[in-house]
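Reader: I have a model open and would like to go through it with you. Can we start with the sheet and then move on to other parts?

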Amino acid sequence: MPASPSTARAINDRLALRLLQHEGPLTAGQLKQLTGLSRPTVADLVERLTASGLITVVGESGELRRGPNARLYGIVADRAQLAALDVRTEGAFVLVSDLVGRVLAEASVPIGGDTGTGPAVEQVVTAVERTAKEAGADRLHTVGIGAPGLVDPATGDLRDSGGLPAWHRRLAAALQERLPEARVTVENETNLAALAEQREGAAHDRDTFVLLWLGHGVGAAVVLDGALRRGASGGTGEIGFLPVPGTASPPSARDCDGGFHSLAGAAAIGALAREHGLPAADDTDGPGAADAVSAAVAMLTDSPGAASAGAANGPADRFLDALADRIAVGAASVVAILDPGCVVLGGEVGQAGGAVLAARVEDRLRRMSPLRTEVRPGTLGGAAVLRGALLTARDRAQDELFGPAGG
């Protein structure tokens, strides 16, 4: 059956708003061209969306002819303010943005290892409130949180995971209590990184790919036919628990030591660098592991004559080869099951390794698997989680505000 007039108007409005979201400010003429709607229909929807406070005139196009079609319409950015959090073992990063994703304020909240659950939650919640105030936000419409661990697909809550601070699981409820008007959502950090790399980074042209997160820990996110796959219990991509050769013992249900994490986590990368005579801190975290990888890559690429001067087959070269061997073990397991066609090396380490590390991993996958797989370095690094949390918050806010009721 044909859509009713009100339904057709809602569909047209939503289409126009999505175009303005992804393409930026547009003239009525450009909206007509992109939507395929008639000029009167576009004029009606522009008037309707302007009256509802969702769009406004933000300037004029460069056309010589001035008139209604030369006005540039854009989404009203201050219609809602959003917050995004990247929650890590040692603290959290917070940012507040407007409805189109422009960052207004941001903060870092370190949490000491001996901080109790209650005080840790209070520090992060207070930081969110303070950052919102600095951004001039009277209220937050949506809060997106990225955190390590499993997110229960039925409840949306973080599940109890061994080795992760208890304050992680308390944070969402505390934020919802202090910000009762906000919509608070939690997503696994690696899934958010994949979303960010797909929308703004290395996987922008891929509907199917796997992001292999290489940072403090390891993880994977699976995107098939444009959709993020979470699994029956939210655990798709918990590759740190993958049993692999070369470890002292298999992992347990509560501890990924002995799994792929023991080969490719930050501590393992630091130890591998030291074994090859390269500098690395004894207590290596994600950025520290990235520094070791970045330094090794620089030894090979900084000077045109590096290879002839002995960099090839030197400590840095051998370290990167050994690291690629390890990463390929985990990547090959994913490729054999999913055949994604593309693996993105994300996180701080993936970004630090760049094309040099990605090429080595791709070469090993070519030799280990008959399935052709392109390996790309992530472009967003550790910032991908926070960016993904912001994109998710923005999408959910716009879904509500751009709905048939117009907010």
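Author: What follows goes through a sheet, some helices, a few loop residues and the empty spaces of this predicted model.

Reader: What is the strand order in the open sheet of 5 strands?

Author: The order is β10-β9-β8-β11-β12, and the pairing is mixed. The edge strands are β10 (227-229) and β12 (374-377), each of which pairs on one side only. From one strand to the next the twist averages 25°.

Reader: How does β8 run relative to β9, antiparallel or parallel?

Author: Antiparallel, with 6 bridges joining β8 to β9. V210 stands opposite V222 in β9. The two strands are joined by a hairpin through 3 residues.

Reader: And β8 with β11, how many bridges there?

Author: 4 bridges, and β8 and β11 run parallel. In that pair W213 stands opposite G346 of β11.

Reader: What about β11 and β12, parallel or antiparallel?

Author: Strand β11 (residues 342-346) pairs with β12 in the parallel sense, over 4 bridges. V344 has R376 in β12 as its bridge partner.

Reader: Back to β8. How many of its residues are buried?

Author: 6 of its 6 residues are buried, and the strand is mostly covered.

Reader: Which ones point which way from β8?

Author: F209, L211 and W213 point one way, while V210, L212 and L214 point the other way, and all are buried. In a regular strand, side chains alternate between the two faces of the sheet.

Reader: Which helix lies across β8, β9 and β10?

Author: Helix α6 (residues 189-200) lies across β8 (209-214), β9 (218-224) and β10, and it runs at about 120° to β8.

Reader: Change of topic: helix α8. Which of its residues are buried?

Author: In helix α8 (residues 266-275) the buried residues are A266, A268, I269, G270, L272 and A273.

Reader: What do those pack against?

Author: The buried residues of α8 pack against four helices: α7 (261-264), α9 (286-301), α11 (315-338) and α12 (347-368). Just after α8, G277 takes a positive phi of about 75°.

Reader: That one is a glycine. Which residue between β9 and β10 has a positive phi?

Author: D225, in the loop between β9 and β10. Its phi is about 50°, although D225 is not a glycine.

Reader: Why does D225 count as exposed?

Author: Because its relative accessibility is 65%, and exposed means over 50%.

Reader: What is phi for D339?

Author: D339 has a positive phi near 50°, and it too is a residue other than glycine. D339 lies in the loop between α11 and β11. With 43% relative accessibility, D339 counts as partly exposed.

Reader: On to N12. Where is it, and is it buried or exposed?

Author: N12 is found in helix α1 (residues 5-23). It counts as buried because its relative accessibility is 17%, and buried means under 20%.

Reader: What does N12 touch?

Author: Leaving out residues up to four places away in sequence, N12 touches L37, T41 and L45.

Reader: Now the empty space. How much space lies in the second largest pocket?

Author: About 360 Å³. Of the 24 residues lining that pocket, the closest to its centre are V151, G156, D157, L158 and V186.

Reader: Which elements give two or more residues to that lining?

Author: β6 (142-147), α5 (166-178) and β7 (183-188) do. By class, the lining residues of the second largest pocket divide into 11 nonpolar, 7 polar and 6 charged.

Reader: How many cavities of 30 Å³ or more are there?

Author: The count comes to 2 cavities of 30 Å³ or more. The second largest cavity has a volume of about 30 Å³.

Reader: Which residues line the second largest cavity?

Author: Its lining is made of G149, L150, N188, N191, G234, T236 and E238. By class, that lining has 1 nonpolar, 5 polar and 1 charged residues.

Definitions and conventions:
Residues numbered from 1 in each chain as written. Predicted model: local features only at pLDDT ≥ 70, side-chain atom pairs only at ≥ 80, totals over all residues. Heavy atoms only, no water. Pairing = 2+ DSSP bridges. Axes fitted to C-alpha atoms, helices over the stretch in contact; angles between N-to-C directions. Contact = heavy atoms within 4.5 Å. 1 Å grid on protein atoms, 1.4 Å probe; cavity = no way out; pocket = protein on both sides within 12 Å on 5 of 7 lines; lining within 4 Å. Points joined across faces, edges and corners; volume = space filled by probe spheres on them. Nonpolar A, V, L, I, M, F, W, Y, C, P; charged D, E, K, R; others polar. Buried < 20%, exposed > 50% of the residue type's maximum accessible area, 1.4 Å probe, protein only.
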